[in-house]
Amino acid sequence: MTPPAGRHFLQIPGPTNVPDRVLRAINRPTIDHRGPDFSKLTLEILDGLKKVFKTQANVLVFPASGTGAWEAALVNTLSPGDRILMFETGQFATLWCAMARKLGIEVDFIPGDWRHGVDPAQIEARLAEDSSHQIKAVAVVHNETSTGVASRIREVRGAIDAASHPALLMVDTISSLGSIDYRHDEWGVDVTVGGSQKGLMLPPGLGFNAVSERALSAAGEASLPRSYWDWDGMLATNPQGFFPYTPSTNLLYGLREALQMLEEEGLDAVFARHDRFAEATRRAATAWGLDILAQDEREYSSSLTAIMTPDGYDADDLRKVILDRFDMSLGTGLGKVKGRTFRIGHLGDLNDLTLMGTLAGVEMGLDIAGISRAGSGVAAAMEFLSAD
Ligand SMILES: *Cc1c(COP(=O)(O)O)cnc(C)c1O
């Protein structure tokens, strides 16, 4: 049933569409990763990454999916039995928590309803109770990709400071970096975790850790076993432009190009573009008469929107109709909201017409699936996008 022509619409919230420029950059002979040309490439990239993380600190690049970068953040800074604080914002927070527990870390997992972000007041209260400083870290997801809720990291930092607590702050920015404003240094983050395949517009395969001075000192004490993920090898070889083992050479060509593209557009313009697409998508949902998962407007995600189907309608049936008829992939509901929501990814390489095509596909899909709608989301989004 899939249409035989035209391009596939990949509108999941990651992996995202890879721009032609990045694809062409990757499509090059693999070079010697211990040679002089490679060293130049690495140094250029490590410098460019700092601008995206908004940091003067080291950004380490692992040949890994984002999950590997999660593990690197934990094993380099913590010891067996250490207590950390995490917050149940959705599926990704739940998975990071499960990983920490498997590694032998004691996680205090504050329950959430999957419709809100991290509550800074609860973090402050938990830390204030911990007068003997047993809690070694607070680890939160900035943009919860399963729900389309973005937590206010600046306020989380404020909560830790208000409790005068020395816990490290670790933040997963896998689906926010390069799409939503994020400031590693200014917000006093100790480890920022990133990945290549979302806002950075690359294929999957690179994981990042930006590491503060405090995180580096913690690494000196931390005793969880680590080998592949050990920051030391990276820190020893990166200054010369090298890696302790074979890096993802061709993805790094792509990364250099993607960083260049972000710089050309300007990060503020990139964020504004994402804000605008998110607003248009929410207006479409409102016009359809469908709820979105995010309930607090201060926490709306600019990189994706999770929309709920009415009771009695499985969101995955709708997704199947849309894939079969229009060759468009939308994000499935994950974990606790499986079957209740579908997710529209509006991050990375897209423009007004990409978004309009996406919303048209959803609107037609709703009609074919027999899900009644109040009005036209497409019309509402067009009106918004053409107004400014
Ligand atoms: C995609 C994602 C992950 C997992 O990354 P993988 O590359 O699939 O390992 C973790 N956290 C968030 C917020 C994500 O969006």
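A search of the whole structure, which is a predicted model, turns up 27 salt bridges. One of them pairs aspartate 108 with arginine 83, with N and O 3.8 Å apart. Aspartate 108 sits in strand E4 and arginine 83 in strand E3 (residues 83-87), so this pair ties together parts that are 25 residues apart in sequence.

Now for the overall layout. The chain splits into two domains: domain 1 is made of residues 9-16 plus 266-387, while domain 2 covers residues 20-263. Measured out over C-alpha atoms, the centres of domain 1 and domain 2 are 27 Å apart. Where the two touch, domain 1 puts in 31 residues and domain 2 puts in 33 residues.

How big is this meeting place? The size of an interface is often given as the accessible area lost when the parts come together. Here, domain 1 and domain 2 bury about 2,600 Å² between them, and carbon and sulfur atoms account for 56% of that area. On the side of domain 1, Leu267, Phe271 and Glu299 stand out: they supply 23% of the area that domain 1 buries against domain 2, more than any other three residues.

Charged and polar pairs also turn up at this boundary. Two salt bridges are counted between domain 1 and domain 2. Glutamate 299 forms a salt bridge with arginine 152, and their closest N and O atoms are 3.5 Å apart. Glutamate 299 is thus a residue to look at twice, as it is also one of the three that supply 23% of the area domain 1 buries. Across the same boundary of domain 1 and domain 2, 15 residue pairs are in polar contact.

Which elements give two or more residues to the side of domain 1 that touches domain 2? They are helix H10 (267-288) and strand E11 (304-308). H10 provides the largest share of that side, with four residues. Sorted by character, the residues on that side of domain 1 come out as 15 nonpolar, ten polar and six charged.

Next comes the ligand. There are 13 residues around the ligand, and Ser65, Thr67, Thr145, Asp172 and Lys198 come nearest. Serine 65 has a side-chain N or O atom 2.6 Å from an oxygen atom of the ligand. For lysine 198, a side-chain N or O atom is likewise 2.6 Å from a ligand oxygen. Aspartate 172 faces a nitrogen atom of the ligand instead, with 2.6 Å between that nitrogen and an N or O atom of the side chain.

Finally, the backbone has a couple of spots worth a look. The peptide bond from glycine 14 to proline 15 is cis, with omega near -5°. Proline 15 is found in the loop between strand E1 (9-11) and helix H1 (20-26). The other spot is tryptophan 114, whose phi is near 65°, a positive value in a residue other than glycine. Tryptophan 114 is also in a loop, this one between strand E4 (106-110) and helix H5 (120-129). Strand E4 has come up already, as the strand that holds aspartate 108.

Notes. Residues are numbered from 1 along each chain as its sequence is written. This is a predicted model: local features need pLDDT of at least 70, side-chain atom pairs count only at pLDDT 80 or more; totals for chains, interfaces and linings use all residues. Side-chain values use heavy atoms; hydrogens and water are left out. Domain bounds come from an automatic or database domain assignment. Contact means heavy atoms within 4.5 Å. Buried area is the accessible area (1.4 Å probe) that two parts lose on being put together, summed over both. A salt bridge is a side-chain nitrogen of Lys or Arg within 4 Å of a carboxyl oxygen of Asp or Glu. A polar contact is a pair of N or O atoms within 3.5 Å; within protein, one must be able to donate a hydrogen and the other to accept it, and residues adjacent in sequence count only if both atoms are side-chain atoms. Ala, Val, Leu, Ile, Met, Phe, Trp, Tyr, Cys and Pro count as nonpolar, Asp, Glu, Lys and Arg as charged, and the others, Gly among them, as polar. A residue is near a molecule or strand if one of its heavy atoms lies within 4 Å of it.
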